[in-house]
Amino acid sequence: MSILSGKNILLGITGGIAAYKTASLVRLFIKSGANVKVVMTPSSKDFITPLTLSTLSKNPVYSSFTNEEDDNAIWNNHVDLGLWADIFIIAPATANTMSKMANGVCDNLLLATYLSAKCPVYFAPAMDLDMYKHSSTLQSFEKLNAFGNTMIPATSGELASGLVGEGRMAEPEDIITFIESDILGKLPLRGKKVLITAGPTYEAIDPVRFIGNHSSGKMGFEIAKAAANFGAEVVLVTGPTYQKINHSLIRVIPVTSAQEMYQEVHTYFETTDIAILSAAVADYKPKEVADQKIKKKSSALTLELEKTKDILASLGEIKKHQYLVGFALETNNELENAKGKLKRKNLNLIVLNSLNDKGAGFKSDTNKVTLIDDSGEIIEFKLKSKGEVAIDLLSKIISQVNA
Ligand code: CTP
C-alpha cells in the first residue's frame with residue numbers, strides 16, 4: 001500500500017497540453033488509495049474536460065468561485081479546499097500560473113486555493129524548452145522553492161511544438177513516485193523500526209472462559225498509525241480487539257494471552273529501535289487451565305492465579321540501543337508511582353494515564369496523559385483525542401531519539 005493511501009490530494013490543473021495526462025494521474029492517485037479533488041484554471045478546460053476528471057476522481061471538479069450555471073450560485077470555497085488538502089499538486093504547472101503563484105496573484109480559484117493551502121505543495125512544470133529556460137521562469141522556480149514548494153522537474157523529450165528538449169511534464173507514474181519518496185524521505189521516523197503492544201490479553205480459564213479487561217486497543221492502534229505516518233516500520237502486537245488498521249508500514253501480529261504477547265515481543269525486540277508498550281496485559285493468569293469446560297457444581301469456585309511475565313520489565317532488562325516506553329495507569333500518588341515504574345522497569349519514557357481524569361481511560365476516544373522522561377522532565381497535556389495523544393507522544397520520542 002502506498003504512503004498516499006488515505007491522504008487528501010488536491011490536483012490543480014493549468015492550461016497546457018500536458019493536462020491531458022492528468023486523467024492518468026488522477027487514476028493513479030485513486031489507485032494508491034488517496035482521496036482526490038481537482039481544481040482547474042479556466043484555460044485548462046480546453047485540454048481536458050471537467051467531466052472526465054470528475055468521473056475519475058469521484059468528486060465534483062472546481063474551476064470558478066461560483067457555480068455559474070446555477071441561478072442560486074454556490075460559492076466554491078477556496079479556503080475549505082486548501083484546508084482539505086494534505087497535499088496540493090499543480091500539474092501541469094504553466095509558466096503563467098507559476099509566475100502568478102510566485103507573485104501572489106490570485107485571479108482564479110486555483111491561485112486563491114494555492115494561497116489558502118497550508119499543506120505541502122508540489123508543482124510539475126510543463127512548457128516549451130525556451131520558455132522553460134527563460135530567466136523569468138527560472139525566477140519563478142526559485143521563488144516557489146523559497147516558499148517551501150517542491151518542484152517535480154520536467155524531463156527532456158519531444159515537445160508539443162515538435163522541438164526536442166527540456167520541458168515535458170514528468171510522467172504521471174514518475175510524479176507519484178516522486179511525491180511518495182519525497183514524503184518518505186522527509187519523515188522523521190523513516191528507517192526506524194517501532195514495536196507496539198496494544199489491547200487487552202485474555203488468560204484462559206477453560207476452553208470457553210477467560211480473564212480479560214476492558215481495554216479497547218484504541219490508544220495502541222492510534223500510536224501505530226501515527227508512527228507509520230511518521231515513516232516508521234511498525235510491528236503491532238495486539239491482544240483481542242475490534243480495532244482495524246490497514247497501512248503498508250504496519251504489520252499486525254494478533255495474540256491472545258500475555259505469554260503469547262511476551263513471545264512475539266521478544267521475537268522482534270532485538271531489531272527494534274523504539275518499543276512502546278501500551279497493552280493492558282493481565283497481571284495474573286489462572287495457574288491451571290482446565291482441558292474441558294468447568295461444570296458448575298459447588299456454590300463457590302476458587303481459581304488459583306499466578307503472575308504473568310512482565311513484558312515491559314523484561315525488555316528493560318535486556319535493552320541496549322532501544323528506546324523503551326511504558327504506560328502507567330494510576331489512581332493515587334500518580335507522579336511518584338509513575339516515576340518509580342520508569343526507574344524500576346528501566347524505561348526512557350513513561351506515559352501516565354490518570355484514572356482521576358474525566359474522559360481518560362479504556363473505552364473513551366479521548367485521553368489525558370503526562371509524559372515523564374528519564375531525565376525527570378514532565379510534560380502534562382490537556383484532554384485530547386487518542387489520535388492527537390499519539391502524535392504528542394511520538395513527537396516527544398522523535399525529539400529524543402533524533403537528538
Ligand atoms: N506491562 C507489561 N506486562 C505485564 C504487565 C504490564 O508489559 N505483564 C506493561 C504495560 O503494557 C504498561 C506497563 O507495563 O506499559 C504498566 O503496567 P501497569 O499494570 O500499570 O503497572 P505494573 O507494573 O503492572 O504495576 P501495578 O499493577 O502495580 O500498577
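This report covers the domains, the ligand site and two backbone features of a predicted model.

## Domains

The domain assignment of the protein chain gives two entries: domain 1 covers residues 8-185, and domain 2 covers residues 193-401. Taken over C-alpha atoms, the centres of domain 1 and domain 2 are separated by 44 Å.

## Residues around the ligand

The shell around the ligand holds 15 residues. Those that come nearest are L277, A279, F327, K341 and K345. By residue class, the shell divides into 8 nonpolar, 2 polar and 5 charged residues.

The ligand takes up the space of the largest pocket. Two elements give two or more residues to the shell, namely helix α11 (311-318) and strand β17 (323-330). Of these, β17 provides the largest share of the shell, with 3 residues. F327, one of the residues that come nearest to the ligand, has a number that falls in the range of β17, 323-330.

## Polar contacts and burial

Polar contacts to the ligand involve K345, K309 and D283. For K345, a polar side-chain atom lies 2.6 Å from an oxygen atom of the ligand; K345 is also among the residues that come nearest to the ligand. For D283, a polar side-chain atom lies 3.5 Å from an oxygen atom of the ligand. K309 makes its contact through the backbone: one of its N or O atoms lies 2.9 Å from a nitrogen atom of the ligand.

Taken alone, the ligand exposes 580 Å². The protein buries 76% of that area.

## Backbone features

A cis peptide bond joins A91 and P92, with omega at about -10°. P92 lies in strand β4, which runs over residues 87-93.

K58 has a positive phi, near 60°, and is a residue other than glycine. K58 is placed in the loop between helix α2 (50-57) and strand β3 (61-62).

## Summary

The ligand occupies the largest pocket, and the protein buries 76% of the area that the ligand exposes when taken alone. Side-chain atoms of D283 and K345 face oxygen atoms of the ligand at the distances given above, while K309 uses a backbone atom towards a ligand nitrogen. Away from the description of the ligand, the points to check in the backbone are the cis peptide bond between A91 and P92 and the positive phi of K58.

Note on methods:
Residues are numbered from 1 along each chain as its sequence is written. This is a predicted model: local features need pLDDT of at least 70, side-chain atom pairs count only at pLDDT 80 or more; totals for chains, interfaces and linings use all residues. Side-chain values use heavy atoms; hydrogens and water are left out. Domain bounds come from an automatic or database domain assignment. A residue is near a molecule or strand if one of its heavy atoms lies within 4 Å of it. A polar contact is a pair of N or O atoms within 3.5 Å; within protein, one must be able to donate a hydrogen and the other to accept it, and residues adjacent in sequence count only if both atoms are side-chain atoms. Accessible areas come from the Shrake-Rupley method with a 1.4 Å probe; for residues, only the protein chains shown count as cover. On a 1 Å grid over the protein atoms alone, a cavity is a set of points where a 1.4 Å probe fits but cannot get out, and a pocket is an open set with protein on both sides within 12 Å along at least five of seven lines; lining residues have an atom within 4 Å of a point. A molecule sits in a cavity or pocket if more than half of its atoms lie within 2 Å of its grid points. Helices (H or I, at least four residues) and strands (E, at least two) are DSSP runs, numbered from the N terminus. Ala, Val, Leu, Ile, Met, Phe, Trp, Tyr, Cys and Pro count as nonpolar, Asp, Glu, Lys and Arg as charged, and the others, Gly among them, as polar.
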